[in-house]
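Open your viewer and get ready to click along. The tour goes from one selection to the next, with a note on what is there.

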Amino acid sequence: PAADGALGDWSAPWLGEPDPAPPGVDDEAAELFARFDADGNGTIDASELCAVLRHVRIVTERMPGADADAFVRAQLRLADEDASGALSLEEFGAYYRAVRDLPALAQGERPAGKA
């Protein structure tokens, strides 16, 4: 902490203060990552990615289970730049930027914030 008692950019998760998103990762992606990293290991695995994609309605109930699983595994392979089998926050942020508008586009709507 600074001498004047200011905390600066330091955060205290146990106090409910969120860590800032790293450069290149928007707040929405960082919030989803934190929410769906169910085991708290700092990565998003296939089951957690499936939960995210269901939440944002990219994977829907109309998609049969085997098809949904295959789709999620394919998406994970596409986004997993280091081939670790899971997505880091940075990998997830890049992936989410690319896919977040798909449900709106599929409905013929303009994505939020787009003119």
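## Stop one: α2 against α3

Select A46, L49, C50, L53 and R54 in α2, then A68, F71, V72, Q75 and L76 in α3: these two sets of residues meet, a contact being heavy atoms within 4.5 Å. Helices here (H or I, at least four residues) and strands (E, at least two) are DSSP runs, numbered from the N terminus. Before going further, note that this is a predicted model, where local features need pLDDT of at least 70 and side-chain atom pairs count only at pLDDT 80 or more, while totals for chains, interfaces and linings use all residues. Residues are numbered from 1 along each chain as its sequence is written, and side-chain values use heavy atoms, with hydrogens and water left out.

Two packed helices are described by the angle between their axes and the distance between the axes. For α2 and α3 the angle is about 105° and the axes are 9 Å apart. That makes α2 roughly perpendicular to α3. The axes are lines fitted to C-alpha atoms, for helices over the stretch in contact, and angles run from 0 to 180 degrees between N-to-C directions. Angles under 35 degrees count as roughly parallel, over 145 as roughly antiparallel, 65 to 115 as roughly perpendicular and the rest as oblique.

Colour the contact of α2 with α3 by residue class and you get 8 nonpolar, 1 polar and 1 charged. In this scheme Ala, Val, Leu, Ile, Met, Phe, Trp, Tyr, Cys and Pro count as nonpolar, Asp, Glu, Lys and Arg as charged, and the others, Gly among them, as polar.

Now centre on Q75, in helix α3 (residues 65–79). Is Q75 buried or exposed? Q75 counts as buried because its relative accessibility is 12%; buried means under 20% relative accessible area, exposed over 50%, partly exposed in between (1.4 Å probe, protein chains only). Show its neighbours, leaving out residues up to four places away in sequence, and Q75 touches L49, L53, Y95 and V99.

## Stop two: α1 across α4

Next, select helix α1 (residues 27–36) and helix α4 (residues 89–99), whose axes come within 9 Å and cross at roughly 125°. That makes α1 oblique to α4. The crossing of α1 past α4 is right-handed, that is, the near helix is turned clockwise from the far one by less than a right angle, whereas anticlockwise would be left-handed.

To see the contact, show E28, A29, A30, L32 and F33 of α1 with L89, F92, G93 and Y96 of α4. The residues of this contact divide into 7 nonpolar, 1 polar and 1 charged.

## Stop three: the R100 network

Side chains of opposite charge can pair when their charged atoms come close. How many salt bridges does a search of the whole structure find? The search finds 2, a salt bridge being a side-chain nitrogen of Lys or Arg within 4 Å of a carboxyl oxygen of Asp or Glu.

Select R100 and D26, which form a salt bridge with the closest N and O atoms 2.3 Å apart. R100 lies in the loop between α4 and α5 (102–106) and D26 in the segment before α1, so the pair ties together parts that are 74 residues apart in sequence.

Then add E28, which forms a salt bridge with R100, the closest N and O atoms being 4.0 Å apart. E28 is in helix α1, so its pairing with R100 ties together parts that are 72 residues apart in sequence. Together, D26, E28 and R100 are linked in a network of salt bridges. Turn on the surface: R100 counts as partly exposed at 27% relative accessibility, D26 as partly exposed at 24%, and E28 as partly exposed with a relative accessible area of 40%.

## Stop four: two loop residues

Most residues other than glycine have a negative phi, and most peptide bonds are trans. Go to R57, in the loop between α2 (46–55) and α3, where phi is near 65°, a positive value. R57 is exposed, with a relative accessible area of 63%.

Move on to A83, in the loop between α3 and α4. Phi of A83 is near 55°, also a positive value in a residue other than glycine, and A83 counts as exposed at 67% relative accessibility.

## Last stop: zoom out

Finally, show the whole chain, with its 5 helices and 0 strands. Buried residues make up 32% of the 115 residues in the chain. Among contacts between residues at least 6 apart in sequence, 46% join residues at least 24 apart.
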